[in-house]
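This briefing is intended for a reader who is meeting the structure for the first time. Please keep the sequence and the model in view while reading.

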Amino acid sequence: MSLTPSWSRPGARTGPITVLAVADSTERVGLCAAMLDRLSGPGNAVGMTVVRSESTPPPARVRDATEGTGQAGLRVPVLSPRQVRKLVWRRRPDTVVLNCAGPVVEALSWSLRSVVRRYRPLVVSALQPLAVPAVEGEWLHRSRVDLLVAHSHREVAEYTTLGEKLGMRGEVGLASLPLGLRDPAEVVRRDRVVYAARPGVPHTERGRQNVLLALATLARNRPDLEVVVHLEQGTGGGPHLEAWRSLVASGRVDGRALLFRSGRLSAQLDRARGLVAVGSAAVLEALARRVPSLVLTDFGVGAAQGNAVFEDSGLFGTLADVRATRFRRPSREWGERNHFHPPGHDDWVERLHDLLERGRRGELS
């Protein structure tokens, strides 16, 4: 397979630029594709590669993640960090977007600057969704990044304040998440409740069983609803499936009560009456599709649970709410501050072009 990505020339901004985006997981491939779509201009060339890591997605998942974007059907090679550096040296893009785990961003951003010497690309890196509260490590790994891209007004505020405290020189810009907003009129019926399972939350076998028992009770009490446990891709079923098998083996539940599914969450949300999660970006995807949601507090609220961002949203509830099918919609004020701001508030593209102009004048260190 060729080690060079396909380069597309989409169409509309200030001047011809070349952008290389680097991802290390399925989610970040999708984020890269959405960002490249925004970096369109006459004569611009944009391309993407995946850097090899423990979370390297297979080709099929890369295709799924780029579907509906300008990168759909284009070649996205998987390269080692050394090969990424060689590609940058050979192609000399104006901008390198490093949407990778913090340590990978740190290694690549430092090596690009030290190896390429007189060539100085603009380095951009986007945070993963639900990146609050702000974490020092996320900034420290990106100490050589010129533009940190966040996805909510709250993230921008927290990372700007933390960056100033740490003495970081990079700017923080705002970008909308590619959440795929859908018109609810497209939905024929809503007869499904979806639980977005994450391997590490709840942290105990008993906690996972309690969630599954509540879902099984819901399924028994509401035969008109299909209750689905959505498993993250690549987890092989994970601890939730193991907990369910244990409950079935002990005779505490009917093995047919719940359906376990993997693949794209969107396939389950199209008919969803409500989504349940302890804390997950899946909640954002559900809300974007106008699916009422419930964020569980039975196992605590905080960074470990991934639900701190939902404080003051009006989405918090308990397993009792699951059994009673009480789902909620977020407050408008919370939504506009947390990932659902109007697209016109986005400023990361303007910041990127301003930084490119400063770089051309030799004003970037």
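The points below are grouped by topic.

The model is predicted. Helix 1 and helix 2 pack at an angle of about 35 degrees, and the largest nonpolar core has 53 residues. The structure holds zero disulfides.

**Packing of helix 1 and helix 2**

- Two packed helices are described by the angle between their axes and the distance between the axes.
- Helix 1 spans residues 26-38 and helix 2 spans residues 59-66; the angle between them is about 35 degrees, and their axes lie 8 Å apart.
- The crossing of helix 1 past helix 2 is right-handed.
- Helix 1 contributes Thr26, Val29, Gly30 and Ala33 to the contact, while helix 2 contributes Arg61, Val62, Ala65 and Thr66.
- Sorted by class, this contact of helix 1 with helix 2 holds four nonpolar residues, three polar residues and one charged residue.
- Asp64 is also part of helix 2, and Asp64 counts as partly exposed because its relative accessibility is 33%, in between the limits of 20% and 50%.
- From Asp64 to Val29 the C-alpha distance is 9.6 Å, with their positions 35 residues apart in sequence.

**The loop before helix 1**

- Ser25 sits in the loop between strand 1 (18-23) and helix 1.
- Ser25 counts as buried because its relative accessibility is 7%, under the limit of 20%.
- With residues up to four places away in sequence not counted, Ser25 touches Ser55 and Pro57.

**Cysteines**

- A disulfide is a covalent bond between the sulfur atoms of two cysteines.
- Cys32 forms no such bond because the closest cysteine sulfur, in Cys100, is 6.9 Å from its own sulfur, which is too far.
- Cys100 is likewise in no disulfide, and the nearest cysteine sulfur to it is that of Cys32.
- Cys32 is buried, at 1% relative accessibility, and Cys100 is buried, at 0% relative accessibility.

**Nonpolar cores**

- Within the largest nonpolar core, which has 53 residues, Leu275 and Phe310 touch the most other members.
- Beyond its neighbours within four places in sequence, Phe310 is in contact with Leu130, Ser280, Val283, Leu284, Val295, Leu315, Phe316 and Trp334.
- There is a second, separate core of 30 residues, and its members include Leu218, Val253, Val276 and Leu296.

**Leu87 in helix 3**

- Leu87 belongs to helix 3, which covers residues 81-91.
- A relative accessible area of 2% places Leu87 among buried residues.
- When residues up to four places away in sequence are not counted, Leu87 touches Pro5, Leu20, Leu79 and Arg92.
- Leu87 and Ser280 are 193 residues apart along the chain, and their C-alpha atoms are separated by 35 Å.

**Backbone features**

- Most residues other than glycine have a negative phi, and most peptide bonds are trans.
- The peptide bond from Val132 to Pro133 is cis, and its omega is near 0 degrees.
- Pro133 is placed in the loop between strand 5 (122-126) and helix 5 (136-140).
- The bond that joins Val201 and Pro202 is a cis peptide bond, with omega about -10 degrees.
- Pro202 is placed in the loop between strand 8 (192-197) and helix 7 (205-221).
- Leu130 is not a glycine, yet its phi is positive, at about 60 degrees.
- Leu130 is located in the loop between strand 5 and helix 5, and Leu130 is buried, with a relative accessible area of 17%.
- Thr325, a residue other than glycine, has a positive phi near 50 degrees.
- Thr325 is located in the loop between helix 11 (319-323) and helix 12 (332-337).
- Thr325 counts as partly exposed because its relative accessibility is 21%, in between the limits of 20% and 50%.

Conventions: Residues are numbered from 1 along each chain as its sequence is written. This is a predicted model: local features need pLDDT of at least 70, side-chain atom pairs count only at pLDDT 80 or more; totals for chains, interfaces and linings use all residues. Side-chain values use heavy atoms; hydrogens and water are left out. Axes are lines fitted to C-alpha atoms, for helices over the stretch in contact, and angles run from 0 to 180 degrees between N-to-C directions. Helices (H or I, at least four residues) and strands (E, at least two) are DSSP runs, numbered from the N terminus. A crossing is left-handed if the near helix is turned anticlockwise from the far one by less than a right angle, and right-handed if clockwise. Contact means heavy atoms within 4.5 Å. Ala, Val, Leu, Ile, Met, Phe, Trp, Tyr, Cys and Pro count as nonpolar, Asp, Glu, Lys and Arg as charged, and the others, Gly among them, as polar. A nonpolar core is a set of buried Ala, Val, Leu, Ile, Met, Phe, Trp, Tyr and Cys residues joined through side-chain atoms within 4.5 Å. Buried means under 20% relative accessible area, exposed over 50%, partly exposed in between (1.4 Å probe, protein chains only). A disulfide is a pair of cysteine sulfur atoms within 2.5 Å.
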